[in-house]
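Hello,

Here is the structure for your files. Please open it alongside this note. My findings follow below.

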Protein chains: 2
Amino acid sequence: MKKVISDVGEKLRAKESKLTTRRELVLKVLLENNGKHLSAEEVYNLVKLRAPDVGLATVYRTLELFQEFDLIQTIDFGDGRKRYEFGPEAGENHHHHHLICIKCGSIIEVNEDLLEELENRVSKKHNFTVTDHQLKIFGVCEQCKKPK
Amino acid sequence: MKKVISDVGEKLRAKESKLTTRRELVLKVLLENNGKHLSAEEVYNLVKLRAPDVGLATVYRTLELFQEFDLIQTIDFGDGRKRYEFGPEAGENHHHHHLICIKCGSIIEVNEDLLEELENRVSKKHNFTVTDHQLKIFGVCEQCKKPK
DNA sequence: TTGGGTGCAAACGATTTGCATATTT
DNA sequence: AAATATGCAAATCGTTTGCACCCAA
């Protein structure tokens, strides 16, 4: 993790930005909760545990900054707030998808990427250069199917 | 279109709701602009042309009602507002996907659905019953690739 | 007449912004 | 010192809600 942080530091410095204590904390929180799809407020609360005087605005600004640097990705599960996750590893086409349970709201990550063929077809047909994609699959999860 | 409207009327009446003049106008606007992914405010403005005294709230309430009746679907292109579209034909698994140009923001609809195999795999693996899915493909559209 | 439907304005919740202050180099 | 970062509070923006009035069955 140290490596990630210093790498990020370099990236930021390259564009006259600083990796301040606050920003580093936001980054750590994101790293430590990788896969949890935190909302801005959740990040804020976690950061506040270690730096009780942070402002919510700083968290938002930091998240925006990280997005500009392609360090994090935002996802929208349709619950009215954006969620943030670290990665995907820069440049990689390392997509993962989400199963969203319409009963309990839980999110399951799926790491298979079977969209290549579809993408190829589509990009030929429409002369569209694909850079990214997002797939959300809605349904009912294992837990919610169990009879009680 | 008349048929659609009267069908909708029946559907609503079946659950002690009424297809009022206002609601019919909202429905017409949606039908006439099928494929345009209107936002609530856009619908509102179009309805206001024919009924200058509508309230924005009514439009929101109507859109919500139509959703409950599965008449329309909402999509979120990540621009901070929900967008609405008529269909898909009730019950059908008639999904279509969207190509979103990251330069000009235009949306291209794709009517192929090649996700079945992926869905099958995923639902077996996670014991997840799929009810719906949403695919957004980001990239650069034909227009935006043209040198000027 | 009775219950839903509607407009208006106020309320909301997530996010953004202005500004004066604090921090980093 | 110069420039960026930050906290706070106020502002925004899309959307929702409370309420008094309106309308259709």
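A phosphate oxygen of DNA strand D sits 2.9 Å from a polar backbone atom of Gly55(A). That is a polar contact, meaning a pair of N or O atoms within 3.5 Å; within protein, one must be able to donate a hydrogen and the other to accept it, and residues adjacent in sequence count only if both atoms are side-chain atoms.

Before the rest, some ground rules. This is a predicted model: local features need pLDDT of at least 70, side-chain atom pairs count only at pLDDT 80 or more, and totals for chains, interfaces and linings use all residues. Residues are numbered from 1 along each chain as its sequence is written, chains are lettered from A and ligands numbered from 1 in the order in which they are written, and side-chain values use heavy atoms, with hydrogens and water left out.

DNA strand D

Two arginines of chain B also make polar contacts here. Arg81(B) places a side-chain N or O atom 2.8 Å from a phosphate oxygen of strand D. Arg61(B) has a side-chain N or O atom 3.3 Å from a base oxygen.

Around strand D there are 19 residues (near means that a heavy atom of the residue lies within 4 Å). Thr20(A), Arg23(A), Val54(A), Thr58(A) and Tyr60(B) come nearest. Of the strand D atoms within 4 Å of the protein, 76% are sugar and phosphate.

Helices H2 (21-32) and H4 (56-68) of chain A and H4 (56-68) of chain B each supply at least two residues of this surface. Helices here are DSSP runs (H or I, at least four residues), numbered from the N terminus. H4(B) gives the largest share, four residues. By type, the surface has six nonpolar, five polar and eight charged residues. Asp, Glu, Lys and Arg count as charged; Ala, Val, Leu, Ile, Met, Phe, Trp, Tyr, Cys and Pro as nonpolar; the others, Gly among them, as polar.

DNA strand C

Strand C is surrounded by 21 residues. The closest are Tyr60(A), Arg81(A), Thr20(B), Arg23(B) and Thr58(B). Sugar or phosphate makes up 71% of the strand C atoms within 4 Å of the protein, and bases the rest.

Phosphate oxygens of strand C have these polar partners:
- Arg81(A), through a side-chain atom at 2.7 Å
- Thr20(B), through a side-chain atom at 2.7 Å
- Lys18(B), through a backbone N or O atom at 3.2 Å

H4(A) gives the most to this surface, with four residues. The residues divide into six nonpolar, six polar and nine charged.

Best wishes
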